[in-house]
Amino acid sequence: MIRYAVETLDECLEELKPLLHKHYEEIAMYQDRIEFDPDYEAYYRLEEAGALHIVTVRDDGEIVGYYVSFVHAHMHYKQDKFSVNDILFIDEAYRGSTVGYRLIKYVEKKLREIGVTVMTIHMKTEFPFERLCESLGMDKAEYLYTKYIGD
């Protein structure tokens, strides 16, 4: 049975770690130059400050997807609370179903409950899900360019 829930890091981090690495291997740019090395302590500090929001998707208790976002007052619009998507992942076996749609709808509901007025989602151009976002009433707002400038 599919279940969506807001969870804390203590409730889900150890189970998330293998999926996070799988997610990195699937979509991360510059893998030959930038290793996977999450700063979990920083995530805990954000959670403690009330700035981290985690929703998991579980099928019969096993995590098959997640939506992690940062929640904060916007620097340009301090009267509003924004949610900025950090990572969003659905296991391949669940893609093409309604799991992703229902996950984002659930996230939206839960973010509204904590006073968020604007939610944003970003995606890799190599792994687009624009139709999903548009079906949820989202607007395309920006383009982002990236360039590796390290040694």
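Let's start in the sheet of this predicted model, where strand β3 (residues 62–73) and β4 run antiparallel to each other and are joined by nine bridges. One place to see this pairing is Val 68, which stands opposite Ile 87 in β4.

Stay with β4 for a moment, as it leads to the next strand. Strand β4 covers residues 81–90, and seven of its 10 residues are buried, so that the strand is mostly covered. Besides its antiparallel pairing with β3, β4 pairs with strand β5 (residues 116–120), this time in the parallel sense and over four bridges. If you look for Lys 81, you will find its bridge partner in β5: Val 116.

How does the chain get from β4 to a parallel β5? Helix α3 (residues 99–113) is the piece to follow here: together, β4, α3 and β5 form a β-α-β unit, and that unit is right-handed.

Now let's turn to the packing of side chains. The largest nonpolar core has 20 residues, and the members that touch the most other members are Tyr 67, Leu 103, Ile 104, Val 107, Met 119 and Ile 121. Two or more residues come from each of β2 (52–59), β3, β4, α3 and β5. Helix α3 gives the largest share, with six residues.

Tyr 67 is a good residue to click on if you want to explore this core. Setting aside neighbours within four places in sequence, Tyr 67 is in contact with a long list of residues, including His 53, Ile 54 and Val 55. The list also holds Asn 85, Ile 87 and Leu 88, then Leu 103, Ile 104 and Val 107, and finally Met 119, Thr 120 and Ile 121. A second core, separate from this one, has 13 residues, among them Leu 13, Ile 63, Val 68 and Phe 89. Val 68 is thus a residue you have already met, opposite Ile 87.

To finish, let's visit two loops and their backbone angles. Most residues other than glycine have a negative phi. Tyr 30, in the loop between α1 (9–27) and α2 (40–48), has a positive phi near 60 degrees without being a glycine. Asp 60 is also not a glycine, and its phi is positive, at about 50 degrees. You can find Asp 60 in the loop between β2 and β3.

Is Asp 60 buried or exposed? Its relative accessibility is 66%, and because residues over 50% count as exposed, Asp 60 is exposed.

Terms used: Residues numbered from 1 in each chain as written. Predicted model: local features only at pLDDT ≥ 70, side-chain atom pairs only at ≥ 80, totals over all residues. Heavy atoms only, no water. Buried < 20%, exposed > 50% of the residue type's maximum accessible area, 1.4 Å probe, protein only. Pairing = 2+ DSSP bridges. Right-handed = clockwise from strand over helix to strand, strands pointing away. Core = buried A, V, L, I, M, F, W, Y, C linked by side-chain atoms within 4.5 Å. Contact = heavy atoms within 4.5 Å.
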